[in-house]
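User: Hi! Could you walk me through this model, please?

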Amino acid sequence: MQPIVQISLDLTHIDEALETAAMALRAGVDWLEAGTPLLLAEGLHGVKKIRDAFPDVPIVADLKTMDGGYLETEMMAKAGATHVVVMARAHEETIKVVVQAGKDFNVKVMGDNLACLDMVAGAKKLEALGCDYVIHHIGYDERRGIAAAGLPMPSPLDELQKIVEAVNVPVQAVGGLSLEQAIQCPEYGAPMVVLGAPLTIDADAFKTAEGNLESSLRLICEKIHGYGQPSN
């Protein structure tokens with residue numbers, strides 16, 4: 001799989017999300033994600049507005065589905081989502097019905113291994129049950145809680161190589177990665193790079209003459225897409 005850049009619209013107002021999405025697409029982003037905060041704030045209507053504004057762009061609905069998977073997938077598909085997210089910690093039957101709904105409504109399924117006691121086993125389970133992609137995910141609360149206890153904060157990069165080697169579907173790594181770490185994911189064999197929005201751009205690493213966010217994001221997209229180009 002060629003590297004793709006996905007921007008997670010972790011915003012709570014649809015107008016701000018649409019403005020950010022337009023900027024990101026101009027800069028070269030490939031996929032839009034209706035992040036969980038946006039889904040909580042705007043729901044199906046938010047996904048529909050993103051679809052109406054950008055009719056040809058893949059849209060990931062980060063549902064974090066744990067139950068009622070078929071209906072949730074159907075609803076998001078009809079709203080315009082092209083990808084949905086189901087959790088590995090959900091019951092196997094939930095994962096199965098999400099996968100079936102994906103087939104019925106032409107939606108790809110991303111399986112998320114957040115909170116799995118064995119992250120590699122969780123990724124393999126998701127693939128075995130029919131997920132099209134694996135999201136290797138260290139959760140926000142998990143990271144903060146471990147750090148607050150004075151322990152080293154875990155990173156998706158810790159086991160990313162093992163996850164990539166364990167499955168045959170594309171892998172995405174999320175959870176506390178710096179911008180520079182996210183950009184490095186294709187080097188681990190994980191071609192789907194997620195950038196969170198609101199965006200924080202390192203001015204030193206991605207400095208542009210214009211000094212604006214869109215120009216910096218364009219440089220980032222060019223670097224990520226460059227991993228898929230043959231070397232001279």
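Analyst: Happy to! The crossing of α1 and α9 is right-handed, meaning that the near helix is turned clockwise from the far one by less than a right angle. This is a predicted model, where local features need pLDDT of at least 70, side-chain atom pairs count only at pLDDT 80 or more, and totals for chains, interfaces and linings use all residues. Residues are numbered from 1 along each chain as its sequence is written, and side-chain values use heavy atoms, without hydrogens and water.

User: How do α1 and α9 pack, and is α1 oblique or roughly parallel to α9?

Analyst: Helix α1 (residues 14–27) and helix α9 (residues 213–226), both DSSP runs of H or I with at least four residues, have axes 8 Å apart at an angle of about 50°. Angles under 35 degrees count as roughly parallel, over 145 as roughly antiparallel, 65 to 115 as roughly perpendicular and the rest as oblique. So α1 is oblique to α9.

User: Which residues of α9 make the contact with α1?

Analyst: Contact means heavy atoms within 4.5 Å. From α1 come Met-23, Ala-24, Arg-26 and Ala-27. On the α9 side are Leu-213, Glu-214, Leu-217, Arg-218 and Cys-221.

User: Which strand gives the most to the lining of the largest pocket?

Analyst: Strands are DSSP runs of E with at least two residues. Among the elements that each supply at least two lining residues are β1 (4–9), α2 (36–53) and β8 (192–197). The most, four residues, comes from β8.

How values were computed: Axes are lines fitted to C-alpha atoms, for helices over the stretch in contact, and angles run from 0 to 180 degrees between N-to-C directions.
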